[in-house]
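These are my notebook entries on a structure that I had not examined before. I set down each item in the order in which I looked it up.

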Amino acid sequence: MKDRSILELEIAKLVSDILGETVGIEGARDTVPSWDSLRHVEVIFSFEEAYGLRLTESEMASLRSVKDLAERAMKG
Amino acid sequence: MRHSYQLEGEAYRLRPIGDADADFIIALRGQDIRARFLNRISSSVESQLEWLSAYYGRENDYYFVVEKKRDNTPEGLISLYDVDVRVGRAEWGRWIVAPASMAALESVTLLLDFAFTRLGLAEVYSNTIAGNAAVNSFHDGCGFRRGVLQRGRFKIDDLVHDAIRHECTGDEWKEIKPHLATKVLRIAKRINSHA
């Protein structure tokens with residue numbers, strides 16, 4: 001399993017690529033305006049593909065930050 | 001107005017709002033941190049019922065509850081109002097979706113489809129507080145065209161706010177909708193598979 005800090009960096013890169021702006025490991029929907037409802041859909045599906053996961057409906061909405069996503073990736 | 005439009009989508013529907021939704025309106029608009037960008041509403045059911053009573057009397061106003069089709073859970077609110085059939089224009093707004101919901105995109109898609117295909121409008125627009133960056137980003141991302149800045153459009157808690165207007169014509173919607181529909185379908189497949 002990857003180290004959490006590596007995962008956070010990977011996911012920050014994934015989110016940055018989708019949003020078209022640099023998002024750090026502290027990035028979250030509440031603090032990054034371009035991480036809106038529309039782009040969140042892209043983030044979620046890209047995240048699933050990258051880590052071979054299938055999120056539940058509640059997870060799709062409740063995972064709102066790079067750290068949330070890293071935590072979920074750690075669980076596998 | 002008391003309308004009877006029920007708009008069925010892939011995972012969500014829009015249904016007419018009613019008095020029984022007063023508690024839901026208060027809970028959604030009163031507790032969500034994003035409600036700071038909406039006009040204040042009273043937290044009393046009586047006041048909300050009064051507001052709804054006045055709304056029923058307005059002939060050019062369509063207020064909907066966004067509901068999950070699978071289990072009829074209310075997850076949001078959205079409206080089309082100031083409908084001017086003479087010039088074919090209307091504003092949409094009073095839009096708020098529960099933080100734990102994925103209904104945002106489909107609720108907007110259903111409402112704009114309603115405006116253009118059912119009501120036959122030529123153009124719709126929305127006004128969003130300029131400081132509400134996430135919602136303005138959403139409108140930009142959808143492809144809605146930015147109009148003229150609406151100076152001093154909102155007054156909330158005695159503070160005056162400018163608004164960013166986004167506009168969309170029926171012809172533009174024909175171009176935009178397929179892009180959004182792809183995402184709506186993908187979300188819906190997931191939500192419906194959790195039944």
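Among contacts in chain B between residues at least 6 apart in sequence, what percentage join residues at least 24 apart? I found that 62% of these contacts do so. I note that the model is predicted.

Entry on the fold. I counted nine strands and five helices in chain B. Following the sequence, I read their order as β-β-α-α-β-β-β-α-β-α-β-β-β-α. The radius of gyration of chain B came to 16 Å, close to the 16 Å given by the globule rule for 195 residues, so I recorded the chain as being as compact as a globular protein of that length. I noted a span of about 40 × 40 × 30 Å for the C-alpha trace along its principal axes.

Entry on burial and surface. Of the 195 residues in chain B, I found 51% to be buried. The chain exposes about 9100 Å², and I noted that carbon and sulfur atoms supply 50% of this area.

Entry on aromatic rings. My search of the whole structure returned 14 aromatic pairs over all chains. One of them joins Y55(B) and Y56(B) in a tilted arrangement, with 5.5 Å centre to centre and 55° between the planes. Y55(B) has a relative accessible area of 1% and Y56(B) has 10%; both count as buried because each value is under 20%. I also traced a cluster in which ring pairs link W92(B), W95(B), F116(B), F138(B), F144(B) and W173(B).

Entry on charges over rings. I located the charged end of R2(B) over the ring of Y56(B), 3.7 Å from its centre. I found R94(B) over the face of Y81(B), at 4.5 Å from the ring centre.

How values were computed:
Residues are numbered from 1 along each chain as its sequence is written. Chains are lettered from A and ligands numbered from 1 in the order in which they are written. This is a predicted model: local features need pLDDT of at least 70, side-chain atom pairs count only at pLDDT 80 or more; totals for chains, interfaces and linings use all residues. Side-chain values use heavy atoms; hydrogens and water are left out. Rings of Phe, Tyr and Trp (its six-membered ring) pair if their centres lie within 6.5 Å; planes under 30 degrees apart count as stacked, over 60 as edge-to-face and the rest as tilted. Buried means under 20% relative accessible area, exposed over 50%, partly exposed in between (1.4 Å probe, protein chains only). A charge sits over a ring if NZ of Lys or CZ of Arg is within 6 Å of the ring centre and within 35 degrees of the ring normal. Helices (H or I, at least four residues) and strands (E, at least two) are DSSP runs, numbered from the N terminus. The radius of gyration is taken over C-alpha atoms; the globule rule is 2.2 Å times the number of residues to the power 0.38. Contact means heavy atoms within 4.5 Å. Accessible areas come from the Shrake-Rupley method with a 1.4 Å probe; for residues, only the protein chains shown count as cover.
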